[in-house]
Protein chains: 2
Amino acid sequence: MATPLQKAQNDRDSMKGRILEAARRVFGLYGFHGATMRAICREVGIDISTLYYHWGEKDDLYQAVIIDATDCLGRWLTEVELAIKGKPLVRRMDIAIDMMCGFLADNPEISRLILQRYMSDTRHQISFDRRVPGFAADIARSMGLAEADGTVSTSTKTRILGMMMSIYSFMSGENMLRSMLNLDREAYLAEARDALKYMLIPAFCGFQPPVAGTIGDQRHEH
Amino acid sequence: MATPLQKAQNDRDSMKGRILEAARRVFGLYGFHGATMRAICREVGIDISTLYYHWGEKDDLYQAVIIDATDCLGRWLTEVELAIKGKPLVRRMDIAIDMMCGFLADNPEISRLILQRYMSDTRHQISFDRRVPGFAADIARSMGLAEADGTVSTSTKTRILGMMMSIYSFMSGENMLRSMLNLDREAYLAEARDALKYMLIPAFCGFQPPVAGTIGDQRHEH
DNA sequence: TATTTTCTCCATCAATCGATGGAATACTTT
DNA sequence: AAAGTATTCCATCGATTGATGGAGAAAATA
């Protein structure tokens, strides 16, 4: 059960890691209820008992997938932070959107897993969800949207979450949106990136209308 | 099978309508795979055979739910168009976001159903999905984003779809996001509306940066 | 009222689901 | 080689799933 020194436990090569990888794919594609343990082990090419041997029951495997995907996303976010450090704000947004789109285009299951969790009933309450608000706060800080004392207001956090969800939506909705817009994969990714920049850069770079219509505190109209 | 004059077929009062309403709720809450026929008829308080008598198999019922929800959304969109007609652009966006948020807060299953379909594998290919690009084109026209000849470019359609998905994300992710942000329902809805206006109004009202970083055609940098 | 049609429920089906016990194999250690 | 451990597979379990046939009740039609 508990490996003594657990060296490279979830490697891509180890059986446990291979299962986790396949599980991420299947859960991302069909959702928690649509994904079956048999479909996962069929993907790996093993018997279902082997799956149960390495990971416990379905909920445990799902939790492991979520944690793994969140880890993966978190590592990439720090890379993005590193890449945009010191650059002017508009350029930072530009790079960040490009990097996020590229990453999620390569790992479409991640955005699907996250959005599925957002939309499903909050039953699989993983405490690790506390990390997402942390991500949002980090992003806000690296965009200069934090308060003087380093804290991040609820409004700012909400806006950052909205930004992330917009990116998730475009990347996880690729199949449906592509068939709607009649675009091949490459063209769609370009269009999605452009649309995201069109939506997000003006807002988060301060190009707000002089008297915004009921934004934040300024709720009076002219 | 085929009612002779089908008067008020899917009424809220008729059994067929009551089932459809419950099905929308259950499908929206648990997704296609997570929703069971028994859970739906349990919600209505009828036997499972009665459900199968009125609606055929599960896929047919699901299709009916999607079509019904899309109808409902379409009707509301025309109401929004009517409400914003003639107003200045910023005010139009303001009203439209308020109305859409209110509508989807009252019918959270609709945004969930739509987003779930966007994210799931495109198996339940309903031809009625052609209506969504139509919605997007209508919105673009009523926002003055159409070409001179009335057509709507792919880029514009993509941006409109992005706008709609942002709203869907906030409204269908209410449970998860609320627990992340520690807000009650009312406060969350207010924050979500503000965040959406913060993100969408500058972009779609033309408050773009003077030289946008690789937006649309202007792909050269200074 | 008699008859036909429409509707609802009970019982049940095969298929599939998550999950387990135990035999057989592969690998490590002695 | 022998003993012990770690891993994989086969067979199977009970529960739940989508789906159906047929009996009976309710309503409409004659």
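A residue is near a molecule or strand if its C-beta atom, placed from the backbone, lies within 6 Å of it. This cut-off serves for the stops of the tour that concern DNA. The model on display is predicted.

**First stop: chain A**

Select chain A and colour it by secondary structure. The chain holds ten helices and zero strands, and from the N terminus on its elements run α-α-α-α-α-α-α-α-α-α. Of the 222 residues in chain A, 39% are buried. Among the contacts in chain A with a separation of 6 or more, 59% join residues 24 or more positions apart.

**Second stop: chain B beside chain A**

Add chain B and superpose it on chain A. A rotation of 180 degrees, with 0.0 Å of shift along its axis, achieves this with an RMSD of 0.1 Å. The two copies are thus related as by a two-fold rotation axis. The same surface serves both copies, for 100% of the contact residues of chain B recur in chain A.

Next, select the residues at which the chains meet. In this region 60 residues of chain B are in contact with 60 residues of chain A. On the side of chain B that touches chain A, two or more residues come from each of α1 (15–34), α5 (89–106), α6 (108–119), α7 (131–142), α8 (154–172), α9 and α10 of chain B. Colouring this side of chain B by class shows 29 nonpolar, 20 polar and eleven charged residues.

**Third stop: DNA strand C**

Display DNA strand C together with the residues around it. Which residues are the closest to DNA strand C? They are A:Thr36, A:Glu57, A:Lys58, B:Ile46 and B:Ser49, out of 15 residues that surround the strand. The surface near DNA strand C receives at least two residues each from α2 (37–44) and α3 (48–54) of chain A and from α3 (48–54) of chain B. The largest share, four residues, is that of α3(B). By class, the residues of this surface near DNA strand C are seven nonpolar, four polar and four charged.

**Fourth stop: DNA strand D**

Turn to DNA strand D and select its surroundings. Of the 15 residues around DNA strand D, those that come nearest are A:Ile46, A:Ser49, B:Thr36, B:Glu57 and B:Lys58. Here α3 of chain A, along with α2 (37–44) and α3 of chain B, each supply at least two residues of the surface. Which helix gives the largest share of the surface near DNA strand D? It is α3(A), with four residues. The surface near DNA strand D is composed of seven nonpolar, four polar and four charged residues.

**Last stop: Asn182 in each chain**

Select A:Asn182, which lies in the loop between α9 (174–181) and α10 (185–204) of chain A. Most residues other than glycine have a negative phi. A:Asn182, although not a glycine, has a positive phi of about 60 degrees. Is A:Asn182 buried or exposed? A:Asn182 is exposed, because 10 other C-beta atoms lie within 10 Å, and a residue counts as exposed at 12 or fewer.

Then select B:Asn182, placed in the loop between α9 (174–181) and α10 (185–204) of chain B. Its phi is near 60 degrees, a positive value in a residue other than glycine. B:Asn182 has 10 C-beta neighbours inside 10 Å and therefore counts as exposed.

How values were computed: Residues numbered from 1 in each chain as written. Chains lettered and ligands numbered in written order. Predicted model: local features only at pLDDT ≥ 70, side-chain atom pairs only at ≥ 80, totals over all residues. Least-squares fit on C-alpha atoms with pLDDT ≥ 70 in both. Contact = placed C-beta atoms within 7 Å. Buried ≥ 20, exposed ≤ 12 C-beta atoms within 10 Å, placed from the backbone. Nonpolar A, V, L, I, M, F, W, Y, C, P; charged D, E, K, R; others polar.
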